[in-house]
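The following exercises concern the structure shown below. Each task is followed by a solution that proceeds step by step.

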There are 2 protein chains.
Amino acid sequence: MYISKSFIPILKNNPSEAKIKSHQLMLRVGMIKQSSAGIYSWLPLGFKVMKKIENIVREEQNKIGAQEILMPTIQSSEIWKESGRYEDYGEEMLRIKDRQNREMLYGPTNEELVTDIFRSSIKSYKSLPQLLYHIQWKFRDEIRPRFGIMRCREFYMKDAYSFDISDDEALFSYNKFFLSYLKTFKRLDLTAIPMAADTGPIGGNLSHEFIILAETGESKIFTDKRIFDVDNEDTKLEKKSLENLRKKYEQFYSVTDEKFNQEEFEKKVSEKNRLKTKGIEVGHIFYFGDKYSKPMGGSVDLPGGKKDFVKMGSYGIGVSRLVGAIIEAKYDEKNEVMKWPISVAPYDLAVIPMINKNDTSALEKANKINIELKKNNIESIIDDTDENFSSKIKKMNLIGAPFQIIIGKQSDGELLEFKEIGKETKKINLTQIIKIIKEQKVKN
Amino acid sequence: MYISKSFIPILKNNPSEAKIKSHQLMLRVGMIKQSSAGIYSWLPLGFKVMKKIENIVREEQNKIGAQEILMPTIQSSEIWKESGRYEDYGEEMLRIKDRQNREMLYGPTNEELVTDIFRSSIKSYKSLPQLLYHIQWKFRDEIRPRFGIMRCREFYMKDAYSFDISDDEALFSYNKFFLSYLKTFKRLDLTAIPMAADTGPIGGNLSHEFIILAETGESKIFTDKRIFDVDNEDTKLEKKSLENLRKKYEQFYSVTDEKFNQEEFEKKVSEKNRLKTKGIEVGHIFYFGDKYSKPMGGSVDLPGGKKDFVKMGSYGIGVSRLVGAIIEAKYDEKNEVMKWPISVAPYDLAVIPMINKNDTSALEKANKINIELKKNNIESIIDDTDENFSSKIKKMNLIGAPFQIIIGKQSDGELLEFKEIGKETKKINLTQIIKIIKEQKVKN
């Protein structure tokens, strides 16, 4: 893609209204545009990143056997009256009257709607467990939306729901999601720490938040980075394996700044393995038994002829918020350099030819390179403008494709100036460049 | 996927409330579930089909150089007041007051919002043309929602917008979309007829509807099926080629029952090439110049230093409606047999082993077959229940995977009973079956 044809409206300076890194960068490189308070449009650069995150989330849900559905954004108030949450939910729920004067609402979460789907579809224990998820827009009418898409009103979220016959089976489902969350965040190149959490308005008695390590988070976390390597764990989808996995990861989960015992922690963890930082919540999982199935009549036939209410859990990931969370974790604000993890990068590679009116040979070379890149499924953005060199580099450092090829006047024959953002420039040929990028892509 | 583990709630009989084929089938096999009047949840079977349609629409938009963005569902009333449509739009617009008492609305279409994005981002003719699209939920508060997802309130739509410097360039953009629509519908195995249309509330002076041939449509269409073969056309993305293409396809576009001259038509078209049927609108494209850019101040700098308002068009495809349209075109209601085009089929293949309590050898064989299918990226649904043979076939005929393997007691060695729905059963080996299915998939 030529940058001159792309819809990437870049600002010269940081927008003054943005107080945190992710908000600054997203406005600066035109990833988003605010359309009204707490409501944003996603422009091509932001959209590409969010879509890649969405697909990783989807793949990891599918791997644990969850089935994708899609519930509507607008819900009837009736089911919320059945569960008893319609009055409780407060002003964050966007309440709507349709032309027939029926009370509707824009769904802030979907426990009621999915319970309604379940109760009309599944009648027997033989069809359990069921794990259903959807990825859909939600609305929470925040009184003071701020920090761009980190605390906005309309946001994109994956929410999953599990239905089981007993507490024991339900815990197995819960642990499957626990595993899939560790794997999801790992693929996004994030360290996500599971912490015991309050269940809040969702209710229930078991809950974990997944917190991303980033400087601008809301609370301090101390942890041992050695334990956060899910690739080296026993991750079979079996009860015992998953229970052990969760227990292991829970060792450190409650070390918030209030409860944290520094002395105890020092004993356990050596300096070089210690992470200390402020966290951002990107996922939240809940087990709440029959809190919704009971008032709404979601029961199944048991083996002996009796009936029982199904045991449910719910499992959220903030898909749009993750775009911001990755920026908070990866953006070097001081040097104005962003490096996207290759798994979600809007482009794999930036090609930066030096162009002036009398000499377009570098652009021609860039075009030839791009033909080879395309054959290898490497997506590049080419700066085809005649701006000066430093302005081009600055722009590409903000856009954040993790690799760059620079084609200058001295560019000689087969060898190209190639760099991974944040590392030294090397002179290597295109075949080697393609190999390096492909290896990174496979790994992620 | 085992049918016993899937979330496919099949009804024994046709639901009495459904009056048209698509509504009947979608409720019958649990593709959708109504949650309130004109608002539906998409269950796994329906979701898979819709997602495949969405991806085909996306690929064809990308091929003509359109860039994907994502605008929010909730819009501010202010931009609609700027364009002058806020009062005009009537009660189909779902109007909302947020907690701060601001006037908001659930977007029924996005001309205003995309013009707002454009005017704040693009300043020079050098950045034109721009083709932007998004695929997003829309809401139209129909007074009498009916026919399932064919005339509902919350629906999924692709809408694109073009921005050009002159009428001539804008027509080129219009023709690019015209081409991409012919290609999109062809890949869905639909015959879509472009017809000159009223511009309605969108406005403007050039417009085409794309009408699907199906028995239960709203108007009669006569046409010559020979001309609807975009694969054999000159489809270069060049002004002249595309203008010729549109002109050619327009030859028959206005032959509705009112204006149609039967005698003229008989002369031109031989009996075997003639199609006569009743159509469903699945796409609508508009050219409206500066209708929105002028009142909203969407202008760019021209070469000589002057400014001018950009010329815009908009281009819609009803993504969720297409699921219904395909059923209307393909479902044999009398024999209760659906055959999905392989490009959007929820499963490529149904595997139907005969199972009873004492003999599960057929199921074991099905599992072995499925391993080979997976290796070849062929997605199957296996009926692992011990229901009787005719009930299994009936179910799979409704689900509509285009191919079936039947593993009966007489199933001998290498040869398998294989059929494409609607054709004769053959006895061939698995290698041949895989070859047939893969060839079909590539073609589509």
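**Exercise 1.** Which rotation, and what shift along its axis, superposes chain A on chain B?

*Solution.* The model is predicted: local features need pLDDT of at least 70 and side-chain atom pairs count only at pLDDT 80 or more, while totals for chains, interfaces and linings use all residues. Residues are numbered from 1 along each chain as its sequence is written, and chains are lettered from A and ligands numbered from 1 in the order in which they are written.

Step 1. Copies are superposed by least squares on the C-alpha atoms of residues with pLDDT of at least 70 in both. Chain A is brought onto chain B by a rotation of 180° with 0.0 Å of shift along the axis, at an RMSD of 0.0 Å.

Step 2. The two copies are therefore related as by a two-fold rotation axis. In chain A, A:Ile96 has the C-alpha nearest the axis, 2.9 Å from it.

**Exercise 2.** Describe the side of chain A that touches chain B.

*Solution.* Step 1. Two residues are in contact if their C-beta atoms, placed from the backbone, lie within 7 Å. Chain A provides 43 residues and chain B provides 43 residues.

Step 2. Helices (H or I, at least four residues) and strands (E, at least two) are DSSP runs, numbered from the N terminus. The elements of chain A that give two or more residues include β1 (32–36), α2 and β7 (130–139); α5(A) gives the most, with five residues.

Step 3. Of the interface residues of chain A, 100% are also interface residues in chain B, so the copies meet through the same surface.

**Exercise 3.** Compare the expected span of helix α2 of chain A with the distance between its ends.

*Solution.* Step 1. The expected span is 1.5 Å times one less than the number of residues. For the 20 residues of α2(A) (residues 44–63), this gives 28 Å.

Step 2. The end C-alpha atoms of α2(A) are 29 Å apart, which agrees. A:Gly65, with a positive phi near 90°, follows α2(A).

**Exercise 4.** With which strands does β6 of chain B pair?

*Solution.* Step 1. Two strands pair if DSSP finds at least two bridges between them. Strand β4(B) (residues 74–76) pairs with β6(B) in the antiparallel sense over three bridges, and β5(B) (residues 94–97) does so over four bridges.

Step 2. B:Leu105 in β6(B) stands opposite B:Gln75 and opposite B:Arg95.

Step 3. Five residues lie between β5(B) and β6(B), which form a hairpin; B:Asn101 in the turn has a positive phi of about 70°.
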